[in-house]
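Trainee: I'd like a close look at one part of this model, and I'm new to this. Could you pick a helix, walk me around it, and then show me how its surroundings fit into the rest of the chain?

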Amino acid sequence: MKKVKLCLTFMLAGLVLLSCNNKKSNPEENKAETASVEKREIWTKEQANDWYAKQPWLVGANYSPSTAINQLEMWQEDTFDPKRIDQELGWAEGLGMNVMRVYLHDLLHEQDPEGLYKRMDTFLGIADKHHIKTLFVLFDSCWDPFPALGKQRAPKPHTHNSGWVQSPGQKVLQDKTQYPRLEKYVKETVAKFKDDNRILGWDVWNEPDNMTGPSYEKVEIKNKVDLILPLLKDVFVWARESNPSQPLTSGVWVGDWSDEAKMKPMHKMQIEQSDIVSFHNYDKPQDFERVVKQLQRYGKPLICTEYMARPNGSTFEGFLPLARKYNVGMINWGFVDGKTQTKYAWDSWTKTYTAEPKLWFHDVLHTDGTPYIKAETDLIKKMTSEANKKN
């Protein structure tokens with residue numbers, strides 16, 4: 001009996017050794033197993049809500065410095081303006097703002113990735129000094145479909161966002177041989193900052209199905225949405241393959257979200273692929289509250305990444321109390337009046353303005369940092385101060 005037990009022991013030990021040797025002799029398999037374990041999935045409701053519970057109540061603005069007409073002028077080496085950015089983010093900190101949504105552009109990466117990353121790091125350092133996190137936007141379907149590097153044009157007088165550019169541009173969107181370059185831009189950029197806690201998250205594509213309305217609709221391609229739908233899904237996959245510690249999102253901005261059956265394929269996919277749910281709303285407070293209740297069915301954190309168009313009824317006083325009630329993060333459009341001229345309304349593309357509107361469309365501060373409406377900035381300061389005391 002003792003001999004049988006001894007024999008079985010040796011056999012078992014041999015099997016163990018054989019198994020170990022097999023693993024050592026197949027390093028590629030071991031590597032694949034490790035990669036499989038580390039593969040970044042879409043966050044579950046629990047993961048998303050755990051992350052959100054660690055954030056303060058998020059209040060801030062879409063940001064480009066008042067000295068830049070668009071993303072390219074903000075980030076290119078010759079016009080990057082850290083001194084002005086520092087001053088303006090200091091004003092934001094004074095209001096209690098703790099997040100800024102900031103647009104990048106694929107052409108900046110094509111031109112000089114390391115230079116771009118150096119300037120992004122500078123920006124993040126300035127923002128962090130002012131206790132502000134950054135939500136970077138990788139692509140954007142709004143405004144001029146023909147972006148070009150180099151010196152940017154001067155603003156067209158009295159016209160809203162007369163120099164803002166799409167990313168990718170129309171020519172790239174129609175040329176699939178350019179897509180590997182876009183993949184490289186996404187993967188390298190997200191990987192570079194994937195563990196950077198100064199970054200709140202990655203908004204991978206702004207308003208992907210925006211056909212630009214009367215501004216550029218005559219030159220927009222009819223199949224733009226058909227091209228972007230599969231590409232945006234790829235962008236989510238590419239970004240996730242870089243294993244970011246921060247959430248990915250792409251905000252729904254138009255349409256009926258009350259029922260899955262009524263939602264367009266683009267909007268379903270945006271929400272399915274997002275770690276947290278983001279959306280835009282430029283309507284009245286009751287409309288904002290209605291869509292918040294609709295989107296709550298997904299059980300994930302909600303961030304409104306664009307709102308505040310005063311003549312539409314989308315105001316700080318109407319939206320912020322509701323957002324606080326439902327714990328929705330809030331990022332308004334426009335901060336300091338400058339070269340984007342977003343104090344003018346969208347209809348400035350079809351209606352002639354000869355002076356600034358009596359009621360500004362967007363923007364919070366004059367160019368010198370003084371409030372456009374002091375009651376608004378007082379409200380923002382009061383609400384962010386009260387929220388921070390509880391966090």
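Mentor: Let's start with a word we'll need: a residue is called buried when its relative accessible area is under 20%. Keep in mind that what you're looking at is a predicted model.

Now find helix 12, residues 265-273. Its buried residues are M266, H267, M269, Q270, I271 and Q273. What sits over them? The cover includes helix 11, strand 6 (277-280) and helix 13 (285-295).

Helix 11 is a good one to follow next. It spans residues 224-241 and gives eight residues to the largest nonpolar core, the largest share of that core. The core as a whole has 84 residues, and W75, F279, F288, V328 and F335 are the ones with the most contacts inside it. As a general point, nonpolar side chains in soluble globular proteins tend to be buried together.

Zoom in on V328 for a moment. Leaving out residues up to four places away in sequence, V328 touches Y52, W57, F279, F288, V292, L302, I303, C304 and A323. One of those partners, C304, has a relative accessible area of 0%, so C304 is buried. C142 is buried too, because its value is 7%. Don't go hunting for a disulfide, though: the count is zero.

Back to helix 11, which has a neighbour in helix 9 (residues 179-192). The two axes come within 8 Å and cross at roughly 35 degrees, and the crossing is right-handed. On the helix 9 side you'll see Y179, L182, E183, V186, K187 and V190, and they meet L231, V235, W238, A239 and E241 of helix 11. Sorted by class, that contact has eight nonpolar residues, three charged ones and no polar ones.

Helix 9 also crosses helix 7 (residues 113-129), with axes that come within 11 Å at roughly 40 degrees. This crossing is right-handed as well. E114, Y117 and M120 of helix 7 make the contact with Y185, E188, T189 and K192 of helix 9. Here the classes come out as three nonpolar, one polar and three charged.

Next, the loop between strand 3 (133-140) and helix 8 (170-173), which is where N161 sits. Is N161 buried or exposed? N161 counts as buried, because its relative accessibility is 2%. Setting aside neighbours within four places in sequence, N161 is in contact with W143, W333, T340, Q341, T342 and W349. G150 lies in that loop between strand 3 and helix 8 too, but G150 is partly exposed, with a relative accessible area of 32%. Look across from G150 to L72: the pair is 78 residues apart in sequence, yet 8.1 Å apart in space, C-alpha to C-alpha.

Finally, zoom all the way out. The chain has 15 helices and eight strands, and 53% of its 391 residues count as buried. Among contacts with a separation of 6 or more, 79% join residues 24 or more positions apart. So if you'd like to retrace the route on screen, begin at helix 12, with helix 11 as part of its cover, then move on to helix 9, which helix 11 crosses.

Terms used. Residues are numbered from 1 along each chain as its sequence is written. This is a predicted model: local features need pLDDT of at least 70, side-chain atom pairs count only at pLDDT 80 or more; totals for chains, interfaces and linings use all residues. Side-chain values use heavy atoms; hydrogens and water are left out. A nonpolar core is a set of buried Ala, Val, Leu, Ile, Met, Phe, Trp, Tyr and Cys residues joined through side-chain atoms within 4.5 Å. Buried means under 20% relative accessible area, exposed over 50%, partly exposed in between (1.4 Å probe, protein chains only). Helices (H or I, at least four residues) and strands (E, at least two) are DSSP runs, numbered from the N terminus. Contact means heavy atoms within 4.5 Å. Axes are lines fitted to C-alpha atoms, for helices over the stretch in contact, and angles run from 0 to 180 degrees between N-to-C directions. A crossing is left-handed if the near helix is turned anticlockwise from the far one by less than a right angle, and right-handed if clockwise. Ala, Val, Leu, Ile, Met, Phe, Trp, Tyr, Cys and Pro count as nonpolar, Asp, Glu, Lys and Arg as charged, and the others, Gly among them, as polar. A disulfide is a pair of cysteine sulfur atoms within 2.5 Å.
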